[in-house]
Structure formats: structure tokens, C-alpha cells
Amino acid sequence: EVSKWFIDKIIPILITIKNQGVKINILTSDINISKIFMEFSKVKIRDTMFGGGIIVDNNEIVLLIEGSDGNMAIWANHPGLVNIANSYFDFLWLISK
């Protein structure tokens with residue numbers, strides 16, 4: 001679940017980078033969130049998601065993992081991890097609506 005606070009903070013950043021020519025693809029399970037982001041990005045919806053992440057220029061990733069004992073974020077620029085995250089996102093993107 002994405003908080004209103006986060007949405008209010010991230011939207012200006014995403015609009016700025018979109019205006020600089022950055023392609024933004026967002027995969028979400030929340031139809032209300034998708035409507036907000038559709039104005040400045042490509043959005044697809046999945047029934048469920050267990051976490052999330054950010055892929056930057058196919059060089060860096062931040063994985064957001066939900067767990068029973070709390071949430072965790074992992075940053076990496078290791079080519080193997082970036083490749084796995086990229087492949088997984090591309091797969092989910094293809095099979096999402």
C-alpha cells in the first residue's frame with residue numbers, strides 16, 4: 001500500500017524526470033494509484049504484488065520487500081542482480097493489463 005505522503009512527494013519528482021525525457025513505467029495492484037500516475041507514465045495493473053522496486057537506467061535497482069517482521073529496501077548496482085530485476089519486471093509487464 002502506498003501512502004498519500006509518498007504519492008505527494010514522488011509525483012513532482014516523476015513529472016520533472018519525465019519532462020527531461022525519462023521513460024517511466026509503473027506496475028501496481030492499486031487501480032486508484034494507476035489513475036494518478038497515468039498522466040505522466042505508462043501504467044499496468046496486476047492482481048497482486050508482494051513487493052516492489054525501482055530500476056534506474058538498467059544500472060541500479062532498489063528492491064522493496066515486504067515481510068512479516070517489517071519492510072526492507074535493498075539497493076544494488078551489481079550487473080547480475082540488475083539483470084534479474086529487469087528480466088522479472090519485463091516478464092510481469094508483459095503479462096499485466
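## The β4-β5 pairing

V62 has W75 in β5 as its bridge partner. This pair belongs to a predicted model. Seven bridges join β4 to β5. The two strands run antiparallel. They form a hairpin, with two residues between them.

## The β3-β4 pairing

V62 also appears on the β3 side. There, V62 in β4 is the bridge partner of I54. G52 stands opposite L64, which also lies in β4. β4 covers residues 60-67 and pairs with β3 over six bridges. The sense is again antiparallel.

β3 and β4 form a hairpin too, with three residues between them. D57 sits in that turn. The phi of D57 is positive, at about 50°.

## The sheet as a whole

Put the two pairings together and a sheet appears. Its three strands follow the order β3-β4-β5. The sheet is open, and its pairing is antiparallel. Which strands lie at the edges? They are β3, residues 51-56, and β5, residues 70-76. Each of these pairs on one side only. Neighbouring strands of the sheet are turned by 10° against each other on average, with direction ignored.

What holds such strands side by side? Strands of a sheet pair through backbone hydrogen bonds, in a parallel or an antiparallel way.

## The helix on the sheet

Which helix packs on the sheet? It is α3, made of residues 79-94. α3 touches β3, β4 and β5. The direction of α3 makes about 70° with that of β4.

## The whole chain

Step back to the full protein. It has three helices and five strands. Along the sequence, the pattern reads α-β-α-β-β-β-β-α. The pattern thus begins and ends with a helix.

Contacts also link distant parts of the sequence. Among contacts with a separation of 6 or more, 32% join residues 24 or more positions apart.

## Size and surface

How does the radius of gyration fit the chain length of 97 residues? A compact globule with 97 residues would have a radius of gyration near 13 Å. The protein has 13 Å, so the value agrees with a compact globule. The C-alpha atoms fill a box of roughly 35 × 30 × 25 Å along the principal axes.

Buried residues make up 24% of the 97. The protein exposes about 7300 Å². Carbon and sulfur atoms supply 59% of that area.

How values were computed: Residues numbered from 1 in each chain as written. Predicted model: local features only at pLDDT ≥ 70, side-chain atom pairs only at ≥ 80, totals over all residues. Heavy atoms only, no water. Pairing = 2+ DSSP bridges. Helix = DSSP H or I, 4+ residues; strand = E, 2+ residues; numbered from the N terminus. Axes fitted to C-alpha atoms, helices over the stretch in contact; angles between N-to-C directions. Contact = heavy atoms within 4.5 Å. Rg over C-alpha atoms; globule rule 2.2 N^0.38 Å. Buried < 20%, exposed > 50% of the residue type's maximum accessible area, 1.4 Å probe, protein only. Areas by Shrake-Rupley, 256 points an atom, 1.4 Å probe, with all protein chains shown as cover.
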